[in-house]
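Biologist: I have not seen this one before. Can you put it up and take me through it?

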Amino acid sequence: MDSILVRGGTELAGEIPIAGAKNACLTLMPATLLSDEPLTLTNAPRLSDIRTMTQLLASLGAEVTQLQDGQVLAMSSHDINNLTADYDIVRKMRASILVLGPMLARCGRAVVSLPGGCAIGARPVDLHLKGLEALGATLDLKDGYVHAEAKSGLKGAVFEFPLVSVGATENILMASVLAKGTTVLKNAAREPEIVDLAQCLRRMGAQIEGEGTSEITIQGVDRLHGATHPVVPDRIELGTYMLAPAIAGGSVECLGGRMELVSSFAEKLAATGVEIEETAKGLKVTRKNGRVRSVDVETAPFPGFPTDLQAQMMALMCTADGVSVLEERIFENRFMHAPELMRMGASIDVSGGTATVTGVEKLKGAPVMATDLRASVSLILAGLAAEGETRVSRVYHLDRGYEHVVRKLSGVGASIERVHGE
Ligand code: EPZ
């Protein structure tokens with residue numbers, strides 16, 4: 001198993017290009033199932049999760065061709081010949097559930113394995129199922145699979161999410177574009193990935209209003225046509241690399257970064273004393289002198305502070321001057337990076353969904369273990385500020401959501417390398 005070696009203490013300088021968003025691409029790819037005409041995604045990220053979604057779509061009969069070094073995905077679902085999303089693929093990646101809505105809408109039937117457990121929380125899919133039932137689907141859970149049917153097609157309805165769910169909003173939004181009549185989704189998620197999905201569906205001929213707000217209205221149409229769509233930049237990758245100069249010192253420009261994608265996060269980062277500048281090419285972050293100030297953080301659905309940047313922000317707060325309180329409100333088990341950061345000399349007290357971090361002068365390099373995607377990159381960030389060497393193992397987690405992390409960080413002066421098979 002590969003690991004990543006980081007030697008801390010070097011200030012950073014230069015540019016990091018931000019890739020297309022994993023969490024947008026993972027919902028845009030299943031949208032190809034809604035039409036028999038080709039859908040092409042540009043600015044696609046090159047990640048293991050994208051390869052898993054490609055494998056899943058291919059198992060259903062879709063064609064996915066990677067072009068331009070993987071940054072373009074040419075997809076066609078002209079011949080869907082299998083309506084079962086198999087456990088062996090779904091268990092690798094929860095986002096596989098996002099084929100359920102589109103397949104049901106297009107084919108009137110779908111059998112999708114339930115995703116199973118996850119390190120950061122229970123993560124049920126009950127809202128996905130309730131939303132599809134509201135559109136008139138009949139669902140049956142058998143042998144770990146959801147058997148869904150809508151013999152005479154789906155019907156528009158008003159559905160209110162009891163809590164904000166990104167995935168459930170995406171699944172029901174995709175299902176409703178081919179439903180008869182009007183669907184209104186209330187208390188819908190407002191994430192930029194959902195706005196990107198709605199824009200792509202509109203390019204395919206869907207009729208949608210209100211994306212980015214908590215109420216989305218969809219007027220069903222008979223069929224969708226082909227389209228080409230650029231994937232929105234990855235705001236979580238962006239936030240992660242904005243934190244690199246904050247924790248290591250120096251100045252980094254994130255190419256393609258947009259403030260509106262990270263506004264609540266940027267507000268918190270600026271409050272630590274770090275400079276953030278909007279440039280012609282993106283966002284530039286500079287930390288000149290001394291330690292950052294401590295700030296309190298509470299995760300929330302967009303436009304609140306993203307849970308996917310909580311671990312990375314904790315790494316920064318481990319070096320801050322003062323005490324910070326981080327509250328994780330989205331997932332019930334998302335502090336597994338804390339004990340690993342404590343191996344590096346951090347001072348963190350976790351109690352339920354609250355972590356109290358007392359900043360220390362200096363972290364110390366140590367062998368640490370990645371437990372999930374965002375935890376893995378928080379350990380790399382901590383390694384950039386630590387004295388000596390940090391070895392992060394189980395980096396397969398990282399490959400799911402960060403392309404070329406070693407190349408991008410060494411490109412701005414970090415001492416970092418990937419060690420194969422140790
Ligand atoms: C998406 O997951 C992202 N994944 C996650 O990113 C992200 O953390 C999360 O949204 C929140 O922003 C992708 O887009 C592929 P939710 P999703 O449904 O859709 C509960 C990363 O690091 N819930 O908004 O699964 C759920 O348990 C990943 O890139 C139900 O109870 O998240 C959670 O507590 C990690 N029933 C809350 O809602 C449901 O049917 C929010 O989950 C669905 C969700």
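Modeller: Asn187 sits in the loop between strand 11 (182-186) and helix 7 (192-203). Helices (H or I, at least four residues) and strands (E, at least two) are DSSP runs, numbered from the N terminus. This is a predicted model, where local features need pLDDT of at least 70 and side-chain atom pairs count only at pLDDT 80 or more, while totals for chains, interfaces and linings use all residues. Residues are numbered from 1 along each chain as its sequence is written, and side-chain values use heavy atoms, with hydrogens and water left out.

Biologist: What is phi doing at Asn187?

Modeller: Phi is near 55° there, a positive value in a residue other than glycine. Asn187 counts as partly exposed because its relative accessible area is 27%; buried is under 20%, exposed over 50%, and partly exposed in between, with a 1.4 Å probe and protein chains only.

Biologist: And where is Asn43?

Modeller: Asn43 is in the loop between strand 3 (39-42) and helix 2 (48-59). Its phi is positive, about 55°, although Asn43 is not a glycine. With a relative accessibility of 29%, Asn43 is partly exposed.

Biologist: Back to Asn187. How far is its C-alpha atom from that of Ser165?

Modeller: Those two C-alpha atoms are separated by 8.9 Å, and the residues are 22 apart along the chain. Ser165 also comes up at the ligand: an N or O atom in its side chain is 2.6 Å from a ligand oxygen.

Biologist: Which residues come nearest to the ligand?

Modeller: Asp126, Ser165, Val166, Asp308 and Ile330, out of 22 residues around the ligand. A residue is near if one of its heavy atoms lies within 4 Å of the molecule.

Biologist: How far is a ligand oxygen from the side chain of Arg123?

Modeller: An oxygen atom of the ligand is 2.9 Å from an N or O atom in that Arg123 side chain. For Leu127 the partner is a polar backbone atom, 2.8 Å from a ligand oxygen.

Biologist: New topic. Glu211, buried or exposed?

Modeller: Glu211 is buried, because its relative accessible area is 18%. Glu211 belongs to the loop between strand 12 (207-209) and strand 13 (215-219). Its side chain has a polar contact of 2.7 Å with the side chain of Arg202. A polar contact is a pair of N or O atoms within 3.5 Å; within protein, one must be able to donate a hydrogen and the other to accept it, and sequence neighbours count only if both atoms are side-chain atoms.

Biologist: What kind of peptide bond runs from Phe302 to Pro303?

Modeller: That bond is cis, with omega near 10°. Pro303 lies in the loop between strand 18 (297-298) and helix 10 (310-317).

Biologist: How many residues of helix 10 are buried?

Modeller: 8 of the 8 residues, so helix 10 is largely enclosed by the rest of the structure. Among the buried ones are Gln310, Gln312, Met313 and Leu316.

Biologist: Same question for helix 12: how many are buried?

Modeller: 13 of the 13 residues of helix 12 are buried, so that helix too is largely enclosed by the rest of the structure.

Biologist: Which residue caps its N-terminal end?

Modeller: Asp372 caps helix 12 there, with a side-chain oxygen 3.2 Å from the backbone nitrogen of Arg374.

Biologist: What is the volume of the second largest pocket?

Modeller: About 250 Å³. Of its 18 lining residues, those closest to the centre are Ile247, Ala248, Arg287, Lys362 and Ala385. Helix 8 (235-248) and helix 12 (373-385) are the elements that give two or more residues to the lining, and helix 8 has the largest share, with 3 residues.

Biologist: How is a pocket set?

Modeller: On a 1 Å grid over the protein atoms alone, using a 1.4 Å probe, a pocket is an open set of points with protein on both sides within 12 Å along at least five of seven lines, and lining residues have an atom within 4 Å of a point. Points are joined across faces, edges and corners, and the volume is the space filled by probe spheres set on them.

Biologist: Last one. Where is Lys284?

Modeller: Lys284 is in strand 17 (residues 282-287) and is partly exposed, at 30% relative accessibility. From C-alpha to C-alpha, Lys284 and Met242 are 7.7 Å apart, with their positions 42 residues apart in sequence.
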